[in-house]
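Trainee: Walk me through this one, please. I'd like to know what stands behind each label.

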Amino acid sequence: MEERGPRPAGILIQENFITAEHEADLLKIFRHQLDWPVRPGRVSLHYGYTFSYKTFGIDQDTPFVPFPEWLVPLLPVTEGRPPDQVCLQHYSPGTGIPPHVDTHSAFDQLYALSLGAPVFMQFRDGKTGERVDVDLQPRSMMQMRGDARLHWTHGIKSRKTDTLADGTVRLRGDRWSLTYRWLRDGAVCECGDEKLCDTAQRRNGVETVYRWKQYEADEKKETSHTINA
């Protein structure tokens, strides 16, 4: 893999991680052999441990799902370990994902394999707000470590097109991604980033406000207002 550099530091990319023929076979499986959730926008399937969209960590209540046969040849191995959690996502044209960092305490470095249509991913420095766009090409494997993993958010804007550096407007198509996560030993991160690191926030008495917690708090306020009215 080659360092993309210089900013954000810690993005390594390997183009053509698999062949076009292998990709075509995978897309047939994704389209015709998998049971996807029925809802608009981005949809996900989970293998190994299940990713929790409430805590942004591991869903402790869902049993480990063995990796299917088609996935095994696609597993990167780092420090002698395969990933603990793999998420397959489908992005229909125009679909994005909000800027975020994967939970520091739960996960170590991340890998992501892009399949189908290309897309721009936005990285933003958590301290300065600097933004860098990375053009993720089909069949490319990206590794995020160091600054890119811990101190920059990443996301994909919800839009139908991306504009290239030369001004060319590129239509978006169907895209699939495989995100690979490794559980962090001890579930503690020592990066000290008080803005983005849940370990640092917890040590400073700051509770992470998850979207579901905010929803429940709003529901309680609404119920209390109704009772007192």
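Mentor: Ground rule to begin with: helices (H or I, at least four residues) and strands (E, at least two) are DSSP runs, numbered from the N terminus. This is a predicted model, with residues numbered from 1 along each chain as its sequence is written. Local features need pLDDT of at least 70 and side-chain atom pairs pLDDT 80 or more, totals for chains, interfaces and linings use all residues, and side-chain values use heavy atoms, leaving out hydrogens and water.

Trainee: Which residues does UniProt list for the Fe2OG dioxygenase domain?

Mentor: Residues 82–184, in an unreviewed entry. Such annotations may be inferred rather than shown by experiment. Over that stretch the chain is 5% helix and 56% strand, and the C-alpha atoms at its two ends are 13 Å apart.

Trainee: What makes Arg131 and Asp133 a salt bridge?

Mentor: The term needs a side-chain nitrogen of Lys or Arg within 4 Å of a carboxyl oxygen of Asp or Glu. Here N to O is 3.0 Å, so the pair passes. The structure holds 11 salt bridges.

Trainee: Why is Arg131 called partly exposed?

Mentor: Buried means under 20% relative accessible area, exposed over 50%, and partly exposed in between (1.4 Å probe, protein chains only). Arg131 has 40%, so it falls in the middle class. Its partner Asp133, at 28%, lands there too.

Trainee: How do you know that Arg170 and Asp135 link distant parts of the chain?

Mentor: Begin with the contact: their closest N and O atoms are 2.8 Å apart, and they form a salt bridge. Arg170 sits in strand 12 (residues 169–171) and Asp135 in strand 8 (residues 131–136), 35 residues apart. Arg170 has 16% relative accessibility, so it counts as buried, whereas Asp135 at 27% is partly exposed.

Trainee: Is Asp162, the salt-bridge partner of Arg159, buried or exposed?

Mentor: Buried: its relative accessibility is 0%. Arg159, at 28%, is partly exposed, and the two side chains meet at 2.8 Å, N to O. Elsewhere, Arg7, Asp125 and Glu130 are joined into one network by salt bridges that share partners.

Trainee: On to the aromatics. How many aromatic pairs are there?

Mentor: Seven. Take Tyr49 and Phe64, whose ring centres are 5.0 Å apart with planes at 85°.

Trainee: What makes Tyr49 and Phe64 edge-to-face?

Mentor: Rings of Phe, Tyr and Trp (its six-membered ring) pair if their centres lie within 6.5 Å; planes under 30 degrees apart count as stacked, over 60 as edge-to-face and the rest as tilted. The 5.0 Å and 85° of Tyr49 and Phe64 meet both conditions, so edge-to-face is the label. Both residues lie in the loop between strand 3 (43–48) and strand 4 (85–91), so the pair ties together parts 15 residues apart in sequence. Tyr49 is partly exposed at 32%, and Phe64 is partly exposed at 43%.

Trainee: Why is the pair of Phe64 and Phe67 edge-to-face?

Mentor: Their centres are 6.1 Å apart and their planes stand at 65°, so the pair is edge-to-face. Phe67 is partly exposed, with 22%. Ring pairs also link Phe30, Tyr47, Trp70 and Trp176 into a cluster.

Trainee: How many cavities of 30 Å³ or more does the structure hold?

Mentor: One, holding about 70 Å³ of space. On a 1 Å grid over the protein atoms alone, a cavity is a set of points where a 1.4 Å probe fits but cannot get out, and lining residues have an atom within 4 Å of a point. Points are joined across faces, edges and corners, and the volume is the space filled by probe spheres set on them.

Trainee: Which residues line the largest cavity?

Mentor: Among them are Tyr91, Ser92, Pro93, Ile156, Arg172, Gly173 and Arg175. The full lining divides into six nonpolar, three polar and two charged. Ala, Val, Leu, Ile, Met, Phe, Trp, Tyr, Cys and Pro count as nonpolar, Asp, Glu, Lys and Arg as charged, and the others as polar, so Gly173 goes with the polar ones.

Trainee: Last one: why is Val77 called exposed?

Mentor: Val77 has 55% relative accessibility, which is over 50%, so it counts as exposed. Val77 sits in the loop between strand 3 and strand 4, and its C-alpha is 17 Å from that of Leu88, 11 residues apart in sequence. For contrast, Asp25 in helix 1 (residues 20–32) has 44% and counts as partly exposed.

Notes. 1 Å grid on protein atoms, 1.4 Å probe; cavity = no way out; pocket = protein on both sides within 12 Å on 5 of 7 lines; lining within 4 Å.
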